[in-house]
Amino acid sequence: FSNPLRWREIQSIVYGHFQECPMLDRKGHAIKVPKPIAFSTETFYVADVWLQYGFPIMLLRLKQAVLPRLTKPTERKRAMLLEKTFENLKYFARIYRPYTFYEGRFRVDNTNQLFNR
């Protein structure tokens, strides 16, 4: 049994494509795409998302509760944007769970027979 294309390989192919053919911003400059991170488990993904979005949201909300006068309007907007992004990432993780961490294997007997001919 074999898994014909691993998730890391897909990420590498997509990253390579955007390095060779970058998208352009409004000013015509190439948009730099960071190298993707491949998570081996859903737990690592959830932890990373929480560190990037959940924790900063918690800190901003705590500041708003404890020091409301020192909270700037831009921080409130940032908290709302982070919350929306965080909710979207959790939603996508839930609906794509069966595909992203699928450890399926496929029979390759027919493919091997073709190669051996």
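## Exercises on a predicted model

Phe55 is partly exposed, with a relative accessible area of 33%. Keep in mind as you work that this is a predicted model.

**Exercise 1.** Find which element holds Phe55, and explain why Phe55 is classed as partly exposed.

*Solution.* Start with the location: Phe55 sits in helix 2. Next, take the relative accessible area of Phe55, 33%. Buried requires under 20% and exposed over 50%, so Phe55, at 33%, counts as partly exposed. Finally, look at the surroundings: Phe55 helps to make a nonpolar surface patch of about 870 Å², along with residues including Trp50, Met58 and Leu70.

**Exercise 2.** Work out where Thr71 lies, whether Thr71 is buried or exposed, and what its side chain reaches.

*Solution.* First, place Thr71 in the loop that runs between helix 2 (42-66) and helix 3 (73-100). Then apply the cut-off: its relative accessible area is 7%, and buried means under 20%, so Thr71 is buried. Now follow the side chain of Thr71, which comes to 3.1 Å from the backbone oxygen of Leu67. Last, set aside neighbours within four places in sequence; Thr71 is then in contact with Lys63, Gln64 and Arg76.

**Exercise 3.** List the residues of the largest nonpolar core and name the helices that each supply at least two of them.

*Solution.* Collect the 8 residues: Tyr45, Val49, Ile57, Leu60, Ala79, Leu82, Phe86 and Ala93. Helix 2 and helix 3 each supply at least two residues of this core. Then zoom in on Val49: beyond neighbours within four places in sequence, Val49 is in contact with Gly54, Phe86 and Leu89.

Conventions. Residues are numbered from 1 along each chain as its sequence is written. This is a predicted model: local features need pLDDT of at least 70, side-chain atom pairs count only at pLDDT 80 or more; totals for chains, interfaces and linings use all residues. Side-chain values use heavy atoms; hydrogens and water are left out. Helices (H or I, at least four residues) and strands (E, at least two) are DSSP runs, numbered from the N terminus. Buried means under 20% relative accessible area, exposed over 50%, partly exposed in between (1.4 Å probe, protein chains only). A polar contact is a pair of N or O atoms within 3.5 Å; within protein, one must be able to donate a hydrogen and the other to accept it, and residues adjacent in sequence count only if both atoms are side-chain atoms. Contact means heavy atoms within 4.5 Å. Patches are made of residues with over 30% relative accessible area and no salt bridge: like charges are joined within 9 Å, nonpolar side chains (Val, Leu, Ile, Met, Phe, Trp, Tyr) within 5 Å. Accessible areas come from the Shrake-Rupley method with a 1.4 Å probe; for residues, only the protein chains shown count as cover. A salt bridge is a side-chain nitrogen of Lys or Arg within 4 Å of a carboxyl oxygen of Asp or Glu. A nonpolar core is a set of buried Ala, Val, Leu, Ile, Met, Phe, Trp, Tyr and Cys residues joined through side-chain atoms within 4.5 Å.
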